[in-house]
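Visitor: I would like a close look at one part of this protein. Please pick a helix and show me what surrounds it.

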Amino acid sequence: MHMAPGFTGSPLERIDNERDHPGLLAARAGDPAALLLRMEGLDPVAAPDGRLEWAPLAEAPAGVELALLGLIDGRPRFVALDPAATGSGHNLIWRLLDGLPDGEAGTYAAARSLVDWHARHRFCARCGNETQTMRAGWARRCGACGAEHFPRTDPVVIMLAEYRGRVLIGRQPRFPAGRYSALAGFVEVGESMEEAVARELFEEAGVRATRVRYVASQPWPFPSSLMMACIADVESDAVTLDANELEHAMWVGRDEVAAALAGDPSAPFIAPPPYAIAHTLFARWLDGAGA
(Lines give C-alpha, C1' and ligand atoms only; values in the text may rest on other atoms or scores of the structure.)
Protein backbone atom coordinates (compact mmCIF):
# COMPACT_ATOMS: atom_id res chain seq x y z
CA MET A 1 0.00 0.00 0.00
CA HIS A 2 1.29 3.44 -0.91
CA MET A 3 2.02 5.86 1.90
CA ALA A 4 -0.28 8.90 1.60
CA PRO A 5 1.45 12.22 0.89
CA GLY A 6 1.99 14.50 3.88
CA PHE A 7 -0.68 17.05 4.81
CA THR A 8 -3.41 14.82 3.40
CA GLY A 9 -5.97 12.58 5.09
CA SER A 10 -7.56 15.15 7.38
CA PRO A 11 -10.81 13.92 8.95
CA LEU A 12 -12.36 17.38 8.54
CA GLU A 13 -15.87 17.43 7.07
CA ARG A 14 -15.73 20.90 5.52
CA ILE A 15 -19.53 21.46 5.21
CA ASP A 16 -19.08 23.99 2.40
CA ASN A 17 -22.80 23.75 1.61
CA GLU A 18 -23.61 25.32 4.99
CA ARG A 19 -21.23 28.27 4.90
CA ASP A 20 -23.72 30.68 3.31
CA HIS A 21 -26.61 29.80 5.63
CA PRO A 22 -27.68 32.76 7.80
CA GLY A 23 -26.70 32.29 11.41
CA LEU A 24 -24.52 29.24 10.70
CA LEU A 25 -21.40 30.56 12.39
CA ALA A 26 -23.31 31.64 15.50
CA ALA A 27 -25.18 28.33 15.69
CA ARG A 28 -22.03 26.25 15.35
CA ALA A 29 -20.17 28.51 17.79
CA GLY A 30 -23.02 28.07 20.27
CA ASP A 31 -22.65 24.31 20.25
CA PRO A 32 -21.25 23.34 23.69
CA ALA A 33 -19.16 20.67 21.95
CA ALA A 34 -17.41 23.22 19.70
CA LEU A 35 -13.61 23.25 19.89
CA LEU A 36 -10.89 25.79 19.05
CA LEU A 37 -7.61 24.73 17.44
CA ARG A 38 -4.78 26.07 19.54
CA MET A 39 -2.11 27.81 17.49
CA GLU A 40 0.81 30.07 18.30
CA GLY A 41 0.81 32.46 15.39
CA LEU A 42 0.93 30.14 12.39
CA ASP A 43 2.45 27.21 14.28
CA PRO A 44 0.53 24.23 15.67
CA VAL A 45 0.40 23.54 19.39
CA ALA A 46 0.98 19.87 20.12
CA ALA A 47 -0.80 18.13 22.98
CA PRO A 48 1.16 15.71 25.23
CA ASP A 49 0.01 12.79 23.06
CA GLY A 50 1.54 14.42 19.98
CA ARG A 51 -1.78 15.33 18.38
CA LEU A 52 -3.13 18.80 17.69
CA GLU A 53 -4.34 20.53 20.81
CA TRP A 54 -7.99 21.62 20.92
CA ALA A 55 -9.58 23.81 23.59
CA PRO A 56 -13.24 24.52 24.36
CA LEU A 57 -14.39 27.34 22.11
CA ALA A 58 -15.35 29.31 25.21
CA GLU A 59 -11.62 29.84 25.77
CA ALA A 60 -11.31 31.93 22.58
CA PRO A 61 -10.20 35.51 23.36
CA ALA A 62 -13.04 38.02 23.49
CA GLY A 63 -13.66 39.79 20.19
CA VAL A 64 -11.51 37.49 18.08
CA GLU A 65 -12.80 36.58 14.62
CA LEU A 66 -13.36 32.89 14.04
CA ALA A 67 -13.34 30.63 11.01
CA LEU A 68 -15.25 27.36 11.00
CA LEU A 69 -12.86 24.70 9.74
CA GLY A 70 -15.61 22.08 9.67
CA LEU A 71 -16.62 19.06 11.70
CA ILE A 72 -14.58 16.21 13.16
CA ASP A 73 -16.57 13.43 14.79
CA GLY A 74 -19.61 15.70 14.50
CA ARG A 75 -18.06 18.44 16.65
CA PRO A 76 -17.55 21.94 15.19
CA ARG A 77 -13.88 22.88 14.86
CA PHE A 78 -12.82 26.52 14.77
CA VAL A 79 -9.61 28.50 14.38
CA ALA A 80 -9.02 32.09 15.46
CA LEU A 81 -8.14 34.59 12.73
CA ASP A 82 -5.11 36.57 13.84
CA PRO A 83 -4.26 39.47 11.48
CA ALA A 84 -0.73 39.58 12.89
CA ALA A 85 -0.05 35.83 12.76
CA THR A 86 3.48 34.82 11.82
CA GLY A 87 5.42 31.57 11.90
CA SER A 88 8.35 30.71 14.16
CA GLY A 89 10.63 29.51 11.39
CA HIS A 90 11.10 26.24 9.53
CA ASN A 91 13.34 24.47 12.04
CA LEU A 92 10.70 24.52 14.78
CA ILE A 93 7.77 23.80 12.48
CA TRP A 94 9.50 20.75 10.99
CA ARG A 95 10.15 19.31 14.44
CA LEU A 96 6.49 19.80 15.37
CA LEU A 97 5.27 18.25 12.11
CA ASP A 98 7.48 15.20 12.58
CA GLY A 99 5.43 14.29 15.63
CA LEU A 100 1.91 14.80 14.24
CA PRO A 101 0.00 11.60 13.40
CA ASP A 102 -1.41 10.98 9.91
CA GLY A 103 -4.33 13.29 9.16
CA GLU A 104 -3.47 15.75 11.94
CA ALA A 105 -1.02 17.58 9.69
CA GLY A 106 -3.76 17.85 7.05
CA THR A 107 -6.09 19.58 9.51
CA TYR A 108 -3.28 21.92 10.51
CA ALA A 109 -2.52 22.63 6.83
CA ALA A 110 -6.08 23.84 6.24
CA ALA A 111 -6.03 26.00 9.36
CA ARG A 112 -2.60 27.50 8.70
CA SER A 113 -3.34 28.42 5.10
CA LEU A 114 -6.68 29.96 6.08
CA VAL A 115 -5.25 32.05 8.93
CA ASP A 116 -2.34 33.18 6.77
CA TRP A 117 -4.62 34.12 3.86
CA HIS A 118 -6.85 36.28 6.06
CA ALA A 119 -3.80 38.05 7.50
CA ARG A 120 -2.55 38.83 3.97
CA HIS A 121 -5.88 39.88 2.45
CA ARG A 122 -7.40 42.42 4.80
CA PHE A 123 -7.72 44.95 1.96
CA CYS A 124 -9.49 44.70 -1.38
CA ALA A 125 -7.28 43.96 -4.38
CA ARG A 126 -9.74 45.90 -6.59
CA CYS A 127 -10.24 49.17 -4.71
CA GLY A 128 -7.98 49.03 -1.65
CA ASN A 129 -10.69 49.33 0.99
CA GLU A 130 -10.82 47.06 4.03
CA THR A 131 -12.61 43.73 3.63
CA GLN A 132 -14.73 41.72 6.06
CA THR A 133 -14.98 37.98 6.58
CA MET A 134 -17.92 36.04 5.12
CA ARG A 135 -18.91 32.41 4.45
CA ALA A 136 -17.99 31.28 7.98
CA GLY A 137 -14.44 32.54 7.49
CA TRP A 138 -13.86 31.04 4.04
CA ALA A 139 -14.06 34.30 2.08
CA ARG A 140 -13.84 38.09 2.43
CA ARG A 141 -16.04 40.81 0.96
CA CYS A 142 -15.29 44.44 0.25
CA GLY A 143 -18.01 46.74 1.61
CA ALA A 144 -16.99 49.51 -0.77
CA CYS A 145 -17.04 47.83 -4.20
CA GLY A 146 -18.69 44.51 -3.37
CA ALA A 147 -15.80 42.36 -4.61
CA GLU A 148 -15.59 38.92 -3.05
CA HIS A 149 -12.25 37.28 -2.38
CA PHE A 150 -11.58 33.60 -1.72
CA PRO A 151 -8.54 31.74 -0.35
CA ARG A 152 -6.17 30.99 -3.18
CA THR A 153 -4.01 27.99 -3.90
CA ASP A 154 -0.86 28.31 -6.02
CA PRO A 155 -0.20 25.26 -8.24
CA VAL A 156 3.35 23.90 -8.19
CA VAL A 157 4.80 21.01 -10.19
CA ILE A 158 7.45 18.78 -8.62
CA MET A 159 8.98 16.17 -10.86
CA LEU A 160 11.56 13.50 -11.50
CA ALA A 161 13.12 13.44 -14.95
CA GLU A 162 13.70 9.80 -15.89
CA TYR A 163 16.21 8.46 -18.40
CA ARG A 164 17.11 4.77 -18.83
CA GLY A 165 16.26 3.73 -15.28
CA ARG A 166 17.73 6.73 -13.48
CA VAL A 167 16.16 9.96 -12.23
CA LEU A 168 17.51 13.47 -11.95
CA ILE A 169 17.68 15.06 -8.50
CA GLY A 170 18.97 18.46 -7.45
CA ARG A 171 19.73 20.60 -4.44
CA GLN A 172 19.38 24.28 -3.63
CA PRO A 173 21.93 26.12 -1.47
CA ARG A 174 19.38 26.48 1.35
CA PHE A 175 18.99 22.69 1.70
CA PRO A 176 20.65 20.93 4.66
CA ALA A 177 24.02 19.41 3.78
CA GLY A 178 23.60 16.29 1.65
CA ARG A 179 19.86 16.80 0.99
CA TYR A 180 18.64 16.37 -2.59
CA SER A 181 15.10 16.47 -3.91
CA ALA A 182 13.00 16.45 -7.05
CA LEU A 183 12.99 19.58 -9.20
CA ALA A 184 10.03 21.92 -8.80
CA GLY A 185 8.49 25.19 -9.95
CA PHE A 186 5.28 27.20 -10.05
CA VAL A 187 2.75 26.71 -12.84
CA GLU A 188 2.41 29.91 -14.84
CA VAL A 189 -0.83 31.43 -16.10
CA GLY A 190 -2.08 29.89 -19.32
CA GLU A 191 -0.03 26.73 -18.77
CA SER A 192 -1.03 23.13 -18.17
CA MET A 193 0.57 20.95 -15.52
CA GLU A 194 2.36 18.91 -18.19
CA GLU A 195 3.64 22.04 -19.92
CA ALA A 196 4.93 23.41 -16.61
CA VAL A 197 6.83 20.16 -15.95
CA ALA A 198 8.48 20.30 -19.37
CA ARG A 199 9.34 24.01 -19.07
CA GLU A 200 10.80 23.75 -15.57
CA LEU A 201 12.94 20.73 -16.45
CA PHE A 202 14.36 22.51 -19.47
CA GLU A 203 14.90 25.81 -17.64
CA GLU A 204 16.56 24.31 -14.57
CA ALA A 205 18.44 21.36 -16.07
CA GLY A 206 18.34 21.67 -19.86
CA VAL A 207 16.57 18.32 -20.35
CA ARG A 208 13.60 17.97 -22.72
CA ALA A 209 10.55 15.99 -21.62
CA THR A 210 8.91 13.59 -24.07
CA ARG A 211 6.17 12.18 -21.80
CA VAL A 212 4.76 13.43 -18.50
CA ARG A 213 2.62 11.38 -16.15
CA TYR A 214 0.93 12.49 -12.95
CA VAL A 215 1.65 10.62 -9.70
CA ALA A 216 0.10 12.37 -6.66
CA SER A 217 -0.69 15.76 -5.11
CA GLN A 218 -0.25 17.45 -1.76
CA PRO A 219 -1.36 20.71 -0.15
CA TRP A 220 1.71 22.61 1.04
CA PRO A 221 0.64 25.29 3.55
CA PHE A 222 3.71 27.55 3.36
CA PRO A 223 1.72 29.60 2.65
CA SER A 224 -0.76 27.84 0.34
CA SER A 225 0.37 25.73 -2.61
CA LEU A 226 -0.82 22.55 -4.27
CA MET A 227 2.14 20.35 -5.11
CA MET A 228 1.51 18.11 -8.14
CA ALA A 229 4.06 15.32 -8.40
CA CYS A 230 4.98 13.96 -11.83
CA ILE A 231 7.50 11.77 -13.60
CA ALA A 232 8.78 12.80 -17.03
CA ASP A 233 10.67 10.78 -19.61
CA VAL A 234 13.43 12.92 -21.15
CA GLU A 235 15.41 12.74 -24.38
CA SER A 236 18.89 12.44 -22.86
CA ASP A 237 20.87 12.66 -19.63
CA ALA A 238 22.92 15.68 -20.73
CA VAL A 239 22.36 18.36 -18.08
CA THR A 240 22.81 22.11 -18.43
CA LEU A 241 22.35 23.44 -14.92
CA ASP A 242 20.74 26.80 -14.11
CA ALA A 243 23.03 27.91 -11.28
CA ASN A 244 20.52 30.53 -10.20
CA GLU A 245 18.06 27.75 -9.31
CA LEU A 246 20.19 24.74 -8.38
CA GLU A 247 23.53 24.29 -6.68
CA HIS A 248 24.06 20.78 -8.04
CA ALA A 249 22.16 18.01 -9.81
CA MET A 250 22.90 14.33 -10.43
CA TRP A 251 21.38 11.17 -11.85
CA VAL A 252 20.65 8.33 -9.42
CA GLY A 253 19.41 4.78 -9.84
CA ARG A 254 16.92 2.65 -7.95
CA ASP A 255 19.41 1.21 -5.46
CA GLU A 256 20.62 4.69 -4.55
CA VAL A 257 17.09 6.05 -4.11
CA ALA A 258 16.07 3.03 -2.04
CA ALA A 259 19.11 3.49 0.20
CA ALA A 260 18.35 7.19 0.70
CA LEU A 261 14.70 6.50 1.59
CA ALA A 262 15.86 3.86 4.08
CA GLY A 263 18.17 6.37 5.74
CA ASP A 264 21.27 4.38 4.83
CA PRO A 265 24.30 6.56 5.72
CA SER A 266 26.16 5.17 2.70
CA ALA A 267 23.52 6.57 0.30
CA PRO A 268 24.80 9.30 -2.03
CA PHE A 269 22.18 11.77 -0.81
CA ILE A 270 19.77 12.46 2.04
CA ALA A 271 16.13 12.04 1.01
CA PRO A 272 13.42 14.61 1.70
CA PRO A 273 11.45 14.06 4.94
CA PRO A 274 8.39 11.76 4.82
CA TYR A 275 5.86 14.61 4.97
CA ALA A 276 7.28 16.17 1.76
CA ILE A 277 5.70 14.96 -1.47
CA ALA A 278 9.17 14.54 -2.95
CA HIS A 279 9.58 11.61 -0.55
CA THR A 280 6.30 10.13 -1.83
CA LEU A 281 7.44 10.71 -5.41
CA PHE A 282 10.69 8.80 -4.85
CA ALA A 283 8.78 5.92 -3.24
CA ARG A 284 6.19 5.79 -6.02
CA TRP A 285 8.94 5.80 -8.65
CA LEU A 286 10.56 2.82 -6.97
CA ASP A 287 7.18 1.07 -7.14
CA GLY A 288 6.91 1.76 -10.86
CA ALA A 289 4.29 4.52 -10.72
CA GLY A 290 3.28 5.84 -14.11
CA ALA A 291 5.46 3.37 -15.99
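Guide: What follows is a walk around helix α6, then outward to the core, the pockets and the two domains. Keep in mind that this is a predicted model.

Start with the helix itself. Is α6 enclosed or open? Eight of its 10 residues are buried, so α6 is largely enclosed by the rest of the structure. The buried ones are Ile 277, Ala 278, His 279, Thr 280, Leu 281, Phe 282, Arg 284 and Trp 285. Those names include an arginine and a histidine, Arg 284 and His 279. What do the buried residues pack against? Their partners are β10, β11, β13, β14, β15 and α5. Just past the helix comes Gly 288, with a positive phi of about 85°.

Now take one residue of the helix. His 279 sits in α6. Its relative accessibility is 12%. Buried means under 20%, so His 279 counts as buried. What does His 279 touch, beyond its neighbours within four places in sequence? Its contacts are Met 3, Leu 261, Pro 272, Pro 273 and Pro 274. Three of those names are prolines: Pro 272, Pro 273 and Pro 274.

Next, step back to the core. The largest nonpolar core has 26 residues. Which of them have the most contacts inside it? They are Leu 160, Ile 169 and Phe 269. Several elements each supply at least two residues of this core: β10 (154-163), β11 (166-171), β13 (209-220), β14 (225-234), β15 (248-252), α5 (254-261) and α6 (277-286). Our helix leads here, because α6 gives the most to this core, with five residues.

Look at Leu 160 more closely. Leave out residues up to four places away in sequence. Leu 160 then touches three residues of our helix, Leu 281, Phe 282 and Trp 285. Its other contacts are Val 167, Leu 168, Ile 169, Ala 182, Cys 230, Ile 231 and Ala 232. There is also a second, separate core of 25 residues. Among its members are Leu 69, Val 79, Ala 85 and Ala 105.

One name in the Leu 160 list deserves a stop: Cys 230. This residue is found in strand β14. How accessible is Cys 230? Its relative accessible area is 0%, and it is buried. Beyond residues up to four places away in sequence, Cys 230 touches Leu 281 of the helix. It also touches Ile 158, Met 159, Leu 160, Met 193, Val 197, Val 212, Arg 213, Tyr 214 and Val 215. For contrast, pick Glu 13, 217 residues away along the chain. The C-alpha atoms of Cys 230 and Glu 13 are separated by 28 Å.

Now the pockets. The largest has a volume of about 1000 Å³. It is lined by 33 residues, and the closest to its centre are Gln 172, Arg 174, Phe 175, Ser 181 and Trp 220. Which elements give two or more residues to this lining? They are α2 (90-98), β10, β11, β12 (183-186), α4 (193-205), β13, β14 and our helix α6. The largest share, four residues, comes from β12. By class, the lining has 19 nonpolar, eight polar and six charged residues.

The second largest pocket holds about 390 Å³ of space. Its lining has 21 residues, with Arg 14, Ala 109, Ala 110, Ser 113 and Pro 219 nearest the centre. Here α3 (104-120) gives the most, with five residues. By class, this lining has 11 nonpolar, eight polar and two charged residues.

Helix α3 also holds Gly 106. At 6% relative accessibility, Gly 106 counts as buried. Not counting residues up to four places away in sequence, Gly 106 touches Phe 7, Thr 8 and Ser 10.

Last, the whole chain. It is divided into domain 1 (16-149) and domain 2 (154-287). How far apart are their C-alpha centres? They lie 32 Å apart. The contact takes nine residues from domain 1 and six residues from domain 2. Both domains help line the largest pocket, with at least three residues from each. The second largest pocket likewise draws at least three residues from each domain.

Conventions: Residues numbered from 1 in each chain as written. Predicted model: local features only at pLDDT ≥ 70, side-chain atom pairs only at ≥ 80, totals over all residues. Heavy atoms only, no water. Core = buried A, V, L, I, M, F, W, Y, C linked by side-chain atoms within 4.5 Å. Buried < 20%, exposed > 50% of the residue type's maximum accessible area, 1.4 Å probe, protein only. Contact = heavy atoms within 4.5 Å. 1 Å grid on protein atoms, 1.4 Å probe; cavity = no way out; pocket = protein on both sides within 12 Å on 5 of 7 lines; lining within 4 Å. Points joined across faces, edges and corners; volume = space filled by probe spheres on them. Nonpolar A, V, L, I, M, F, W, Y, C, P; charged D, E, K, R; others polar. Domains from an automatic or database assignment.
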